[in-house]
Amino acid sequence: IRRRGDYSLRSGLLGKNEISAMARNFDSVLDVLQLREDALDKELMERRRAEEQLAYIAHYDTLTGLPNRHAFNDRLK
């Protein structure tokens, strides 16, 4: 499930026996895992966006958008 990122698999077992109860528990665990996976993906995207913004701020003037001294020195190397 994790490798494919497909959390749509559900047992669909209805009943009042132990196997059906275990299947429902498994389905609820999958729900929690999917929510956590989605939250982690969102957090990682926000972090990448912040890192890209910091890299831009470090190399370009925020007012003019022109490369700054740091970008110039990096290009000289």
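This passage walks through a predicted model, beginning with its helices and moving on to individual residues and their neighbours.

A good place to start is helix H1, which covers residues 18–59 and has 42 residues. From its first C-alpha to its last, helix H1 reaches 61 Å, close to the 62 Å expected at 1.5 Å a residue. The buried residues of this helix are Ser20, Ala23, Asp27, Leu30 and Glu37. A further helix, H2, takes in residues 69–76, and a loop that includes Tyr60 lies between H1 and H2.

Ser20 offers a closer look at one of the buried positions in helix H1. Its relative accessible area is 4%, and Ser20 is therefore counted as buried, the limit being under 20%. Once neighbours within four places in sequence are set aside, Ser20 is in contact with Leu13, Leu14 and Gly15.

Leu33 is also found in helix H1, but with a relative accessible area of 40% this residue is partly exposed. Although Leu33 and Tyr7 are 26 residues apart in sequence, their C-alpha atoms are 8.2 Å apart in space.

The segment before H1 contains Leu9, a residue that counts as partly exposed at 38% relative accessibility. Together with Ile1 and Phe26, Leu9 forms a nonpolar patch on the surface. The accessible area of the three residues together is about 250 Å².

Charged side chains come next. The count of salt bridges in the model is one, and the partners are Glu51 and Arg47. Their closest N and O atoms are 3.5 Å apart, and the pair counts as a salt bridge because this distance is within 4 Å. Both residues belong to helix H1, where they sit four residues apart, about one turn of the helix. How accessible are the two partners? Glu51 is partly exposed, with a relative accessible area of 45%, while Arg47 counts as exposed at 56%.

Aromatic rings give a count of one pair. The rings of Tyr56 and Tyr60 have their centres 4.8 Å apart and their planes at 15 degrees, so this pair is stacked. The reasoning is simple to follow: ring centres within 6.5 Å make a pair, and planes under 30 degrees apart make that pair stacked. Both tyrosines are partly exposed, Tyr56 with a relative accessible area of 40% and Tyr60 with one of 25%.

Tyr60 deserves a second visit, this time for its surroundings in the loop between H1 and H2. Not counting residues up to four places away in sequence, Tyr60 touches Gly65, Leu66, Pro67, Asn68 and Arg75. In another direction along the chain, Lys16 is 44 residues from Tyr60, and the C-alpha atoms of the two are separated by 64 Å.

The contact between Tyr60 and Arg75 leads on to helix H2, where Arg75 has its place. What does Arg75 touch, leaving aside its neighbours within four places in sequence? The contacts of Arg75 are with Tyr60 and Pro67. Even with these contacts, Arg75 counts as exposed, at 60% relative accessibility. Tyr60 thus appears both in the stacked pair with Tyr56 and among the contacts of Arg75 in helix H2.

Note on methods. Residues numbered from 1 in each chain as written. Predicted model: local features only at pLDDT ≥ 70, side-chain atom pairs only at ≥ 80, totals over all residues. Heavy atoms only, no water. Helix = DSSP H or I, 4+ residues; strand = E, 2+ residues; numbered from the N terminus. Expected span 1.5 Å × (residues − 1). Buried < 20%, exposed > 50% of the residue type's maximum accessible area, 1.4 Å probe, protein only. Contact = heavy atoms within 4.5 Å. Phe/Tyr/Trp six-rings, centres within 6.5 Å; stacked < 30°, edge-to-face > 60°. Patch = residues over 30% accessible without salt bridge, like charges linked within 9 Å, V, L, I, M, F, W, Y side chains within 5 Å. Areas by Shrake-Rupley, 256 points an atom, 1.4 Å probe, with all protein chains shown as cover.
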